Structures are given as C-alpha cells and as structure tokens.
Amino acid sequence: MAPSKKTKKSADSMNTRLKLVMKSGKAILGYKAAVKSLRRGKSKLILIASNCPHLRKSEVEYLAMLAKTQVHHYAGDNTALGTACGKFFNCSVLSIIDAGDSDILTATTKE
C-alpha cells in the first residue's frame, strides 16, 4: 500500500527543514557524537531513524529526557535520514545544535 498524502507531505516538509538546518544551522550526525552533545546539554532536537536498534533508541531517548531535549522519530530509515542531510552515508541518530534559519524546532512540537 502506498503512503498517504499527509505522511508523504509531512516527510517532505521535514526533509526541506533538515536541508535548511544543514545549510544554515549546526547539526551533528552519528550516535556517539549525539550522545556527547546530549551529555553536554548542547542539543536542542534529536532525530532518530525508524530502523535504529531498539536498545540504542531507548538509550538516546533516556538521555534526551534527562537533558530535557525534544526527540523526533524520523519516518524514513537511516539511509533516507543520511540522504536528507545531503550526505552519502547512513545516519541513525542526528543531533541539532543550532536550527539556523529553519523552523524545525517549532514544527516538531506541533506534530
């Protein structure tokens, strides 16, 4: 069954916001770097891919809860998340330090 229009539209809008963050803001790709930024309290938003391992996902969610940071579960897998960031490799966890010109921090609270 094909994805509905609403889920496809929200995924496209998330991808465009993510591209704008990578261009104008500051984001860190990868599990280890995201955990370090969470521990230091520098993260504002964490994106987790849909096929991230459950243990890793729960650990990142727990650290984000302690750091009072928002967590967004990205609809695509780690390949789609890496591609949305403009990279040619997979990325299961993404930490946004500075949103730049994007409204990604306010948009994820509405969804």
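**A salt bridge, a serine and two cores**

Biologist: Happy to look at this with you; which residue meets D103 in a salt bridge?

Modeller: In this predicted model, the side chains of the two partners come to 3.1 Å, N to O. That is inside the 4 Å cut-off, so the pair counts as a salt bridge. The partner of D103 is R17.

Biologist: Nice, and how many residues apart are D103 and R17?

Modeller: D103 sits in the loop between β4 (93-98) and α5 (104-110). R17 belongs to helix α1 (residues 5-24), so the pair links distant parts of the chain. The separation is 86 residues.

Biologist: Is R17 buried or exposed?

Modeller: Its partner D103 has a relative accessible area of 42%, which makes D103 partly exposed. For R17 the value is 18%. Buried means under 20%, so R17 is buried.

Biologist: Let's move to S102; which backbone oxygen does the side chain of S102 reach?

Modeller: S102 is in the loop between β4 and α5, and at 10% relative accessibility it counts as buried. Leaving out residues up to four places away in sequence, S102 touches R17, L20, V21 and S24. Its side chain comes to 3.3 Å from the backbone oxygen of R17.

Biologist: Good to know! Which element gives the largest share of the largest nonpolar core?

Modeller: That core has 15 residues, and L18, L47, Y74, L81, L94, I96 and I104 have the most contacts inside it. Two or more residues each come from α1, β2 (45-48), α4 (78-84) and β4. The largest share, three residues, is from α1.

Biologist: And how many residues are in the other core?

Modeller: This other core lies apart from the largest one. Among its members are Y31, L38, C52 and V60. Its count is 11 residues.

Biologist: Back to Y74: which residues is Y74 in contact with, leaving aside neighbours within four places in sequence?

Modeller: Y74 is one of the residues with the most contacts inside the largest core. Beyond its sequence neighbours, Y74 is in contact with M14, N15, L47, I48, A49, S50, A80, L81 and A84.

Biologist: To finish, what share of the contacts with a separation of 6 or more comes from residues 24 or more positions apart?

Modeller: The chain has five helices and four strands, and they follow the pattern α-β-α-β-α-β-α-β-α. Of its 111 residues, 37% are buried. Residues 24 or more positions apart account for 79% of those contacts.

Methods: Residues are numbered from 1 along each chain as its sequence is written. This is a predicted model: local features need pLDDT of at least 70, side-chain atom pairs count only at pLDDT 80 or more; totals for chains, interfaces and linings use all residues. Side-chain values use heavy atoms; hydrogens and water are left out. Buried means under 20% relative accessible area, exposed over 50%, partly exposed in between (1.4 Å probe, protein chains only). A nonpolar core is a set of buried Ala, Val, Leu, Ile, Met, Phe, Trp, Tyr and Cys residues joined through side-chain atoms within 4.5 Å. Contact means heavy atoms within 4.5 Å. A polar contact is a pair of N or O atoms within 3.5 Å; within protein, one must be able to donate a hydrogen and the other to accept it, and residues adjacent in sequence count only if both atoms are side-chain atoms.
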